[in-house]
Amino acid sequence: MNSPAITAALRRALALAEQAIGLTDPNPRVGCVILAADGRELGTGHTQPAGQAHAEIMALRDAAARGHDVRGATAIVTLEPCSHHGRTPPCCDALIAAGIARVVAAVEDPNPQVAGQGLARLKAAGLQVELADATIAEAASELNIGFFSRMRRSRPFVRLKSAISLDGRTALPDGRSQWITCEAARTDGHAWRRRAGAVLTGIGTVLADDPRMDVRLVPTARQPLRIVLDPQGRMPSGARILQPPGETRIIGGGRPDLAALMAELGAQGINELHVEAGPTLSGAFLDAGLVDELLIYQAPMLIGEGRPLAALAPLAGLGEARRWRFVESTQVGQDLRLRFRPT
């Protein structure tokens with residue numbers, strides 16, 4: 001069991017890692033804190049954009065800038081230090097060379113190029129190596145749930161977002177849906193978009209709402225790729241989703257194989273896919289079993305006749321209904337944010 005000081009440092013490192021959201025893709029979000037033997041904080045850092053310094057390097061640089069000697073210190077990091085040479089040298093080697101005596105990692109790296117090899121290399125060099133308690137490990141895994149999905153399943157973690165009324169409607173019969181939820185909920189939705197490597201929608205949503213599908217209501221260092229499924233080539237040349245900031249990819253040529261598309265996006269380094277679409281495309285993702293999380297904003301209004309959250313294939317009976325596990329309920333402004341995952 002980790003000591004209170006180590007647990008506090010791990011939580012500090014997790015907070016640093018959260019600052020890397022919207023910055024590091026396709027790399028994981030990692031934070032690092034270096035502590036002296038007496039518990040003093042010597043240096044901190046989080047992972048920078050791909051190709052730049054990882055969290056451990058940033059923390060070592062910070063300690064050097066403060067004039068601290070890290071020999072004999074403890075490095076607390078939210079993900080196992082890398083042991084391979086990718087776009088940057090291995091962090092293990094940097095920690096060893098700096099004279100770090102102990103490393104506490106929140107969770108092992110699922111990347112097959114690391115997968116315990118980083119911790120093994122540190123141990124072989126004589127460093128004391130520990131893993132965090134289960135609660136911290138779970139929080140670190142959640143922070144990088146998309147990276148873990150891509151490493152283990154070769155596809156992104158798919159989050160389907162929808163705004164609904166109390167009677168489960170997402171739009172009027174003609175498709176108009178602006179605005180069911182309040183401004184605070186829409187801002188919160190942009191924070192979830194920021195997590196994603198790509199935001200996906202269908203041409204029906206583009207034609208009905210002319211959305212931008214970018215991140216603009218919260219600060220971000222990087223815009224997610226925007227993907228539009230447009231089987232019949234109906235994209236208007238002046239659609240706002242084609243305009244900066246960010247890039248847009250249009251997928252046409254008939255109805256796409258969604259499972260194959262997920263594998264393709266995984267191969268392209270997309271960790272989290274944020275889906276905001278109409279009932280037909282949402283239903284297709286759900287029927288294909290590709291949705292890992294439902295992110296629902298429910299507004300306290302009744303619409304009556306209108307469009308549902310998803311157009312699903314009919315069931316022979318309630319026994320065939322797919323069950324979801326309740327994850328979270330949080331009031332956002334006047335609305336309710338609900339999250340569910342498959343059982």
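Biologist: How much space lies in the largest pocket?

Modeller: This is a predicted model, in which local features need pLDDT of at least 70 and side-chain atom pairs count only at pLDDT 80 or more, while totals for chains, interfaces and linings use all residues. Residues are numbered from 1 along each chain as its sequence is written, and side-chain values use heavy atoms, without hydrogens and water. The space in the largest pocket (an open set of points on a 1 Å grid over the protein atoms alone where a 1.4 Å probe fits, with protein on both sides within 12 Å along at least five of seven lines; its volume is that filled by probe spheres set on the points) is about 1200 Å³.

Biologist: Which residues are closest to the centre of the largest pocket?

Modeller: The lining (residues with an atom within 4 Å of a point) has 45 residues. Closest to the centre are Gly204, Thr205, Glu276, Ala277 and Gly278.

Biologist: Which helix gives the most to the lining of the largest pocket?

Modeller: Among the elements giving two or more residues are helix 7 (183-195), helix 8 (203-209) and helix 10 (279-287); helices are DSSP runs of H or I with at least four residues, and strands are runs of E with at least two. With five residues, the most is given by helix 8.

Biologist: Which strands stand at the edges of the open sheet?

Modeller: Eight strands form this sheet with mixed pairing, in the order 10-9-8-11-6-12-15-14; a pair needs at least two DSSP bridges. Two strands have a single partner each, so one side of each lacks a neighbour in the sheet: strand 10 (248-251) and strand 14 (324-332).

Biologist: What is the bridge partner of Val199 in strand 11?

Modeller: Strand 8 (residues 198-202) and strand 11 (residues 272-275) pair in the parallel sense over three bridges. In strand 11, the partner of Val199 is His274.
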